[in-house]
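Here is a short note to help you find your way around this structure. Keep the view open as you read, and take the points one at a time.

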2 protein chains.
Amino acid sequence: MPFSLSQASIPVFEIHLNALAAILDKAEAFAATKKIDPAVLLRTRLAPDMFDLTRQVQVSTDQARRGSARLAGIEPPSYEDTETTIAQLKARIAKTLAFLKTLDTKQIDASAEREITFPLGNDKGHMNGADYLNHSVLPNFYFHVTAAYAILRHCGLEIGKRDFLGAIPMRRSQAA
Amino acid sequence: MPFSLSQASIPVFEIHLNALAAILDKAEAFAATKKIDPAVLLRTRLAPDMFDLTRQVQVSTDQARRGSARLAGIEPPSYEDTETTIAQLKARIAKTLAFLKTLDTKQIDASAEREITFPLGNDKGHMNGADYLNHSVLPNFYFHVTAAYAILRHCGLEIGKRDFLGAIPMRRSQAA
């Protein structure tokens, strides 16, 4: 298949969740070197009314898990939000990656025109599968992954765009 | 067509560039109310080695323009990076939105397996069209749009997730 919903969702979540886990490893090493309690990083936010790093990572995994489960037509599993350490956040990422592997990509591919219903505060939101991926799941997922990265840059962690992009399927050649 | 490359790119850029223009309007009003020179906001960055707001907006439009042009198989037009005011950045967004309207969506849809070559520092990057959209253009676009939003939140602008998501095609209903 030349272009499909599963291709535009599952590998994107996998690449960025793996990249996020690697960034958290760098944050752990940074905290050790600087003799900072890693919990200080986890509680940092870019504005008083924005989520802290812990919550940004939790919500990134929620978007990947719930978004892809709904596209696959199954009820997304619920995770408790109890993480207080980098190791626990990495375990949540690993659990999410394992869950993604269980999904039926054919079901996801067949969801482009199927109505997806999802909670929206006290209301419900309704979009077809293609719109749900393009205009709800992906922007929300990228929002929280970028916010997590930006919080750590703001704290002084030396990471760059390659850490954000992760292990992308690209070939590099020298310009003539 | 149930799911296509043009559908996963053009409307995404349109929605978020319009949302970014609306956020810049709110930033202009905020600066006026607080008696802040808007240039102070435009020069704010989340870390000394990250782009400031001006550059985040410029690069957001670059990703949309260059990414979609390459998928459509045409040479992307070059824009000079000379903006110093919110009005000029909004004009660049408007110019980008007008350019997106000129692209042939059928060409974009046919690019899933075609090799896309793009500059990468002094080297060249090569990816097929589907990978290029999923793993280069969209993550980079969302990165810079989110960074622009986060800079303004950090400055105290009262905007929320709806301002970020923009005018998405969603139906809302009251839960039973």
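**Notes for a first look**

1. Start where the two chains meet in a sheet. Strand S2 (residues 123–128) of chain A and S3(B) run antiparallel and are joined by 4 bridges. If you would like one pair to find by eye, take A:Asp123, whose bridge partner in S3(B) is B:Gln174. Please keep in mind that this is a predicted model.

2. Now widen the view to the whole sheet. It is open and has 3 strands, in the order S1(A)-S2(A)-S3(B), with antiparallel pairing. Which strands stand at the edges? They are strand S1 (115–120) of chain A and strand S3 (171–174) of chain B; each has a single partner strand, so one side of each is left without a neighbour in the sheet. From one strand to the next, the twist averages 30°. As general background, strands of a sheet pair through backbone hydrogen bonds, in either a parallel or an antiparallel way.

3. Next, look for the helix that goes with this sheet. H6(A) lies across S1 and S2 of chain A, and runs at about 110° to S2(A).

4. How many cavities of 30 Å³ or more does the structure hold? There are 2. The largest has a volume of about 40 Å³. Its lining is made up of B:His16, B:Ala19, B:Leu20, B:Ile23, B:Val145, B:Tyr149, B:Asp163 and B:Phe164. In chain B, helix H1 (10–34), helix H6 (129–154) and helix H7 (161–165) each supply at least two residues of this lining, and H1(B) gives the most, with 4 residues. By type, the lining residues of the largest cavity are 6 nonpolar, 1 polar and 1 charged.

5. Then turn to chain A for the second largest cavity, which holds about 30 Å³ of space. A:His16, A:Ala19, A:Leu20, A:Ile23, A:Val145, A:Tyr149 and A:Phe164 line this second cavity. The elements giving two or more residues to that lining are helix H1 (10–34) and helix H6 (129–154) of chain A. H1(A) gives the most here, with 4 residues. The lining of the second largest cavity has 6 nonpolar residues, 1 polar and no charged.

6. Finish with a loop residue in chain B. B:Ala110 lies between helix H5 (105–109) and strand S1 (115–120) of that chain. Is B:Ala110 buried or exposed? Its relative accessibility is 59%, so B:Ala110 counts as exposed, the cut-off being over 50%. B:Gly129 is 19 residues apart from B:Ala110 along the chain, and their C-alpha atoms are separated by 8.7 Å.

Conventions: Residues numbered from 1 in each chain as written. Chains lettered and ligands numbered in written order. Predicted model: local features only at pLDDT ≥ 70, side-chain atom pairs only at ≥ 80, totals over all residues. Heavy atoms only, no water. 1 Å grid on protein atoms, 1.4 Å probe; cavity = no way out; pocket = protein on both sides within 12 Å on 5 of 7 lines; lining within 4 Å. Points joined across faces, edges and corners; volume = space filled by probe spheres on them. Nonpolar A, V, L, I, M, F, W, Y, C, P; charged D, E, K, R; others polar. Buried < 20%, exposed > 50% of the residue type's maximum accessible area, 1.4 Å probe, protein only. Pairing = 2+ DSSP bridges. Axes fitted to C-alpha atoms, helices over the stretch in contact; angles between N-to-C directions. Contact = heavy atoms within 4.5 Å.
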